Amino acid sequence: MDRHVALYTFGIFMRPSEDQANDDFHSLNDQILPLVDKAPGMVARSGYDFEPGPDSWGTQIFPKFYKEKGDGWSPSTLSLWVDMESAMAFSYFGLHALALKRGKEWMERPKWPPYILWWPAEGHRPDWTDAVARHQHMHDHGPSPRAFDFKNAFDLTGEPVDVDHGKVKAIAARQQPSGTM
């Protein structure tokens, strides 16, 4: 079995999720989820308790940065990718890139890492608890083989590595159309 890279993302809405100010976020999110499931290099993603879609990888929890807004949740994702380049291509190209650019309309400016990556053990599917613990570790200690970002990446052996940006662009070119907005 191949090793896959895990990606965890976390954000906090400025207003409660159902506030009208977040309508465009929800519209984009509804378009992005089907695209991510078909993205080149996507292996699997966790769903969320009590929502249609993939099963949740354990009970969804949130980092200590989470601020309850009266709706009981905050935008976060947990997924597995064949490599860092595939995860980066989906994140920074297409419709997801548009959502990231517009993020300041909906999300608090993070004082924490907005995402982390790591290499789970072969055959291991990470859960929300592991993701949040690694997220906290990166916040407290900076990038390391335990949790890192695209700018400060590590390979499977724990050695620093640069993301192959040529490969990222080639993967992005194979992605599904960006959708509409």
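**Exercise 1. Work out which way the side chains of E4 point, and whether they are buried or exposed.**

*Solution.* Start with the two directions. Tyr115 and Leu117 point one way from E4, while Ile116 and Trp118 point the other way. Then check the burial: all of these residues are buried. Keep in mind as you look that this is a predicted model.

Now find a neighbour for the strand. E4 pairs with E1 in the antiparallel sense, over 4 bridges. To pin the pairing down to residues, look for Thr9: its bridge partner in E4 is Tyr115.

**Exercise 2. Put the strands of the open sheet in order, and say which strands stand at the edges.**

*Solution.* Step one is the order. The sheet has 4 strands, arranged E2-E3-E1-E4, with antiparallel pairing. Step two is the edges: E2 and E4 have a single partner strand each, so one side of each is left without a neighbour in the sheet. As for the twist, it averages 20 degrees from one strand to the next.

Step three looks inside the sheet. E1 and E3 run antiparallel and are joined by 6 bridges. Tyr8 makes a handy landmark here, as it stands opposite Leu78 in E3.

Last, see what packs on the sheet. Helix H4, residues 128-141, touches E1, E3 and E4. The direction of H4 makes about 110 degrees with that of E4.

**Exercise 3. Find the residues that touch the most other members of the largest nonpolar core, and trace which elements supply this core.**

*Solution.* Begin with the residues. This core has 31 of them, and Trp81, Met84, Phe148 and Phe150 touch the most other members. Next come the suppliers. Several elements each give at least two residues, among them strand E1 (5-10), helix H1 (23-37), helix H2 (84-92) and helix H5 (165-173).

Zoom in on Met84. Setting aside residues up to four places away in sequence, Met84 touches Val5, Trp119, Phe148, Phe150, Ala153, Phe154, Val161 and Val163. There's also another core lying apart from this one, with 18 residues that include Tyr8, Trp57, Phe62 and Ala131.

**Exercise 4. Describe how H2 is covered and how H2 meets H3.**

*Solution.* First, count the buried residues: 8 of the 9 residues of H2 are buried, so the helix is mostly covered. They run through Met84, Glu85, Ser86, Ala87, Met88, Ala89, Phe90 and Ser91. Just after H2, Gly94 takes a positive phi of about 75 degrees.

Second, compare the axes. Those of H2 and H3 come within 5 Å and cross at roughly 65 degrees. Phe90, Ser91 and Tyr92 make the contact from H2, and His96, Ala97 and Leu100 make it from H3. Sorted by type, the contact residues are 4 nonpolar, 2 polar and no charged.

Third, turn to H3 itself. Leu95, Ala97, Ala99 and Arg102 are its buried residues, and their cover includes H1 and H2.

**Exercise 5. Explain why Phe13, Ser56 and Gln175 count as buried, and find what touches each.**

*Solution.* The cut-off you need is under 20% relative accessible area. Take the residues in turn.

- **Phe13.** This residue lies in the loop between E1 and H1. Its relative accessibility is 2%, so Phe13 counts as buried. Beyond residues up to four places away in sequence, Phe13 touches Asn22, Phe25, His26, Lys69, Trp73, Ser74, Pro75, Trp106, Met107 and Glu108. Phe13 and Arg109 are 96 residues apart in sequence, yet 9.4 Å apart in space, C-alpha to C-alpha.
- **Ser56.** Look in the loop between strand E2 (42-45) and strand E3 (76-81). At 17% relative accessibility, Ser56 counts as buried because that is under the cut-off. A polar atom of its side chain lies 2.6 Å from the backbone oxygen of Gly58, and a polar contact of 3.2 Å joins the side chains of Ser56 and Trp128. Apart from neighbours within four places in sequence, Ser56 is in contact with Ser46, Gly47, Tyr48, Asp49 and Trp128.
- **Gln175.** You'll find Gln175 in the segment after H5. With 15% relative accessibility, Gln175 counts as buried too. Its side chain reaches the backbone nitrogen of Phe90 at 3.1 Å. Leaving out neighbours within four places in sequence, Gln175 is in contact with Pro40, Ala89, Phe90, Phe93 and Gly94.

Terms used
Residues numbered from 1 in each chain as written. Predicted model: local features only at pLDDT ≥ 70, side-chain atom pairs only at ≥ 80, totals over all residues. Heavy atoms only, no water. Core = buried A, V, L, I, M, F, W, Y, C linked by side-chain atoms within 4.5 Å. Buried < 20%, exposed > 50% of the residue type's maximum accessible area, 1.4 Å probe, protein only. Contact = heavy atoms within 4.5 Å. Axes fitted to C-alpha atoms, helices over the stretch in contact; angles between N-to-C directions. Nonpolar A, V, L, I, M, F, W, Y, C, P; charged D, E, K, R; others polar. Pairing = 2+ DSSP bridges. Polar contact = N/O pair within 3.5 Å; in protein donor to acceptor, adjacent residues only side chain to side chain.
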